[in-house]
Structure formats: structure tokens, C-alpha cells
Amino acid sequence: MTLFGAHVDPADPLAAAQEIGAEIIQVNIGDPQSWKAPAPRFPWDLEEFGARAAEAGIGIYVHSPFVINVASTNNRIRIPSRKLLQQHLDAAARLGAWGVIVHGGHVTANDPMEAGFENWFKAVDGLRIEVPLLIENTAGGNHAMARRWENLARLWQAISTSNNAKRVGFCLDTCHAHASGNPLQGLVDDVLAITGRIDLVHLNDSRDTEGSGADRHANLGKGQADPDWLVEVMRRAQAPAILETPSEGHTDDLEWIRSRV
Ligand SMILES: [Zn+2]
């Protein structure tokens, strides 16, 4: 049976999970826009939160901050990115989380893409990874590591030579795939041909048209992604799914997908 859930507010994630009937949740354990070390907003320490979640039968994923870009050729971005990612991996381990999600990141127009893949290898190789690190595909940008599949293939190739490669997995975001111009039709097969694994789906509809490059999530069936193909992605991915859609629609979204898969 596929597990479903949503990204929830960190103030009381377990109450939020129970309210919408989620089996898994995704949380931020720090300010998603900041370089500051994790400072969870929930009213327990990490171990207690983990124990409470386990008791409630709820699996937890941690989304790392958006500022992280381990691909960057700029030392002042890349080095703090690795540090912040390590802090999130460590905190997630204390929590007993099922995975830490990080965006693929990008280089700038003046850099060769290869520099970004090399930086990813070094990051993975140097990290202490006790909880699976799940790299997520992104929606826009011409120099992104994990937007176009030909680049994802090069990224995966670079990482595969690290001793830590087995601890790195993939998070497939359906809105980002649609917006980036990767058709949902055949999506899972295209990804599996590269990564060999999909550990988590970020199940989101898209407010914008295919190929728009815009990262704006919509509730399921309310956006521009083909609803039949969203369902087909879930059938084929054989992975748990987290909604990152507007939260007022989470209950409807969970019912929408559960009734179709
Ligand atoms: Zn996502």
C-alpha cells in the first residue's frame, strides 16, 4: 500500500498529520530561507518528536533549506551549503527521519556544468549520511543540476563513484517535472533509467503550463498537469508521496489520489 502525506507546519506536525489523515509528513526543522542551523519549532526535542511520531505510526521526512546549493562554484555558497546540509542530516538522524530532501542546485551561466557535478560528488563523498539523502528535481534555470534529464544522468554518474552513493536517493517532484518540460507521460520510466530508484514522490499539480519553468504548486486536479498521468506516476513509482500543495486542500488532495491509485 502506498503511503501518502503532506508537508505540514512544524508548529504541531503530528496534529496536522492526524487532521488530514496523513501516514507520512514532511517538515522543515529550520527556516527554509535561512543559513541558520536547524532550530525546530515543534515543542519537543528531536528525539521526543521522533518517538511521538513513531508511536503514532507516522513517518517523517525533512526538507532542507532552499538556500542550500552544494553545486555552486562560489565557496561562500558551497561551503556553508555543505555545513547546513550536514546539520540537517544529523538532526534528521536524531529524529529517526526516513529521508532528507535537498534540491539539485545549479551553477551560474559562466561555469561549466561539469564543475557542478564534481562539487556534488565531493559533497556526497564528504558527508556523514545516516539518513537517506534524497536529491529532488527542480523546475527552472538553464544551469540546474537536476532539471533536464541529460544533466540528471551526468549528476548521477558523478555521484555513483562515491562510497556514499548507496545512501543517496531521488525525490521526484511532479510539478517541477511538468514545469521543467519533462512530460509526465513516461516520467517514472525516464527517471528510473537514470537513477534506478525513486524514494519519494512530491505529488503536486502545477499552476503553469508544461515547460513554463515556473515552480508554483497547485492542488491535485486543479492545475495544468494531466490528472491521469499524475495518477499513473504514482502507480508506477511504487514510492511514498508527499503533497506540497496549498494546505487548505490537503484533505481533498489525499482523497483525490487515494481514490484513484
Ligand atoms: Zn518538491
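Tutor: A crossover is right-handed if, with the strands pointing away from the viewer, the path from the first strand over the helix to the second runs clockwise. This model is predicted, so to speak: local features need pLDDT of at least 70, side-chain atom pairs count only at pLDDT 80 or more, and totals for chains, interfaces and linings use all residues. Residues are numbered from 1 along each chain as its sequence is written, and side-chain values use heavy atoms, with hydrogens and water left out.

Student: Okay, what do E1, helix H1 and E2 make?
Tutor: Helices (H or I, at least four residues) and strands (E, at least two) are DSSP runs numbered from the N terminus. Strand E1 covers residues 4-7 and pairs with E2 in the parallel sense over 3 bridges (strands pair if DSSP finds at least two bridges between them). Put helix H1, residues 13-20, together with E1 and E2, and you get a right-handed β-α-β unit.

Student: And which residue in E3 is the bridge partner of Ile 24?
Tutor: E2 also pairs with strand E3 (residues 59-63), in the parallel sense and over 4 bridges. With helix H2 (residues 46-56), E2 and E3 make a right-handed β-α-β unit. The E3 partner of Ile 24 is Gly 59.

Student: Are the residues on both faces of strand E2 buried or exposed?
Tutor: Buried means under 20% relative accessible area, exposed over 50%, and partly exposed in between, using a 1.4 Å probe and protein chains only. Ile 24 and Gln 26 sit on one side of E2, Ile 25 and Val 27 on the other, and every one of these is buried.

Student: Which protein donors does the zinc ion have?
Tutor: Donors are N, O and S atoms within 2.8 Å of the metal (3.2 Å for Na, K and Ca), and sites may look incomplete, as water is not among the atoms. In sequence, the zinc donors are spaced E-x36-D-x28-H-x41-E. Lying 2.0 to 2.3 Å from the ion, they are Glu 136 (OE), Asp 173 (OD), His 202 (ND1) and Glu 244 (OE).

Student: How many residues apart are Glu 136 and His 202?
Tutor: Both Glu 136 and His 202 are buried. Glu 136 is in strand E5 and His 202 in strand E7 (residues 200-203), a pair that links distant parts of the chain, and they are apart by 66 residues.

Student: Where in H9 are the buried residues, on the same side or on opposite sides?
Tutor: The buried residues of helix H9 (residues 250-258) are His 250, Asp 253, Leu 254, Trp 256 and Ile 257. They cover an arc of only 160 degrees around the axis, so they lie on the same side of H9 (the arc is that of the directions from the helix axis to the C-beta atoms).

Student: Which residues are exposed on the other side of H9?
Tutor: The buried residues of H9 pack against E1, H1, E7, helix H8 (227-237) and strand E10 (241-243), where contact means heavy atoms within 4.5 Å. Across from them, the exposed residues are Asp 252 and Glu 255.

Student: What is the relative accessible area of Ser 162?
Tutor: Ser 162 is in the loop between H5 and E6. Leaving aside its neighbours within four places in sequence, Ser 162 is in contact with Phe 121, Val 124 and Asp 125. Ser 162 counts as buried because its relative accessible area is 5%.
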